[in-house]
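Grab a pencil and let's work through a few exercises on charged side chains. Each task comes with a solution you can follow step by step.

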Amino acid sequence: MLIGSPGSGKSTVGEALARRLGADLLCTDTEIERRAGKPVGDIFIEDGEERFRALEREVVAEGLRAWEGVIAVGGGAVLDQDTRTDLADHHVVYLHVEFGEAAKRVGMDAARPLLAGNPRTQLRKLLNERLPVYEGLATVTVPTTGFHPEEIVDSILPTLTGQSTGRAQQ
């Protein structure tokens, strides 16, 4: 289970981790888009954040119940109390990214509805609000700033078997 802010690398690292484990990846945002038949940004605009969050809750809950592979959970899913409760029974890897790196990675584009208006200010606010939640849910925290996805996977794999590495923080 991978959690983290926008730009932390959940999808990219999730793909690499799933490949290394010989498993499949469930990216919850991608599954929401598939079910809704439109991009996340369009769901927010056309249907509203409440509809998006309901779809997100449904996809995450189903994934936690039945998915056998890696799950990359959308950054805001952890704000739902039921999701937080469900995650408590799982190995949760928090991919921590520094603000400057997150800003570069997300590109501050309009495709991210929660960053509308002043994207840098919105991203900083979002990170500050969610940080305690991410940290509280994490079984392990793995820094992603300045690391290649394969290096991040190298830090995650030992945590899956109880071993520890220099970068992963238990």
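**Exercise 1.** Decide whether Glu46 is buried or exposed in this predicted model.

*Solution.* Start with the number: Glu46 has a relative accessibility of 51%. The cut-off for exposed is over 50%, so Glu46 counts as exposed.

**Exercise 2.** Work out which residue forms a salt bridge with Glu46, and how Asp47 fits in.

*Solution.* First, recall that side chains of opposite charge can pair when their charged atoms come close. Next, look at Lys38: its salt bridge with Glu46 has the closest N and O atoms 3.0 Å apart. Then turn to Asp47, whose side chain also meets that of Lys38 in a salt bridge, at 3.0 Å from N to O. Finally, check the surroundings of Asp47: with 37% relative accessibility, Asp47 is partly exposed.

**Exercise 3.** Find which residues are joined with Arg34 into one network by salt bridges that share partners.

*Solution.* The network takes in Glu31, Arg34, Arg35, Glu58 and Glu62. Now zoom in on one pair: Arg34 and Glu31 meet through their side chains in a salt bridge of 2.6 Å, N to O. As for where they sit, helix H2 (residues 28-36) holds both, and they are three residues apart, about one turn of the helix.

**Exercise 4.** Sort Arg34 and Glu31 into buried or exposed.

*Solution.* Arg34 has a relative accessible area of 57%, so Arg34 is exposed. Glu31 comes in at 14%; buried means under 20%, so Glu31 is buried.

**Exercise 5.** How many salt bridges are there in the model?

*Solution.* Applying the 4 Å cut-off, the count comes to 15 salt bridges.

Terms used
Residues numbered from 1 in each chain as written. Predicted model: local features only at pLDDT ≥ 70, side-chain atom pairs only at ≥ 80, totals over all residues. Heavy atoms only, no water. Helix = DSSP H or I, 4+ residues; strand = E, 2+ residues; numbered from the N terminus. Buried < 20%, exposed > 50% of the residue type's maximum accessible area, 1.4 Å probe, protein only.
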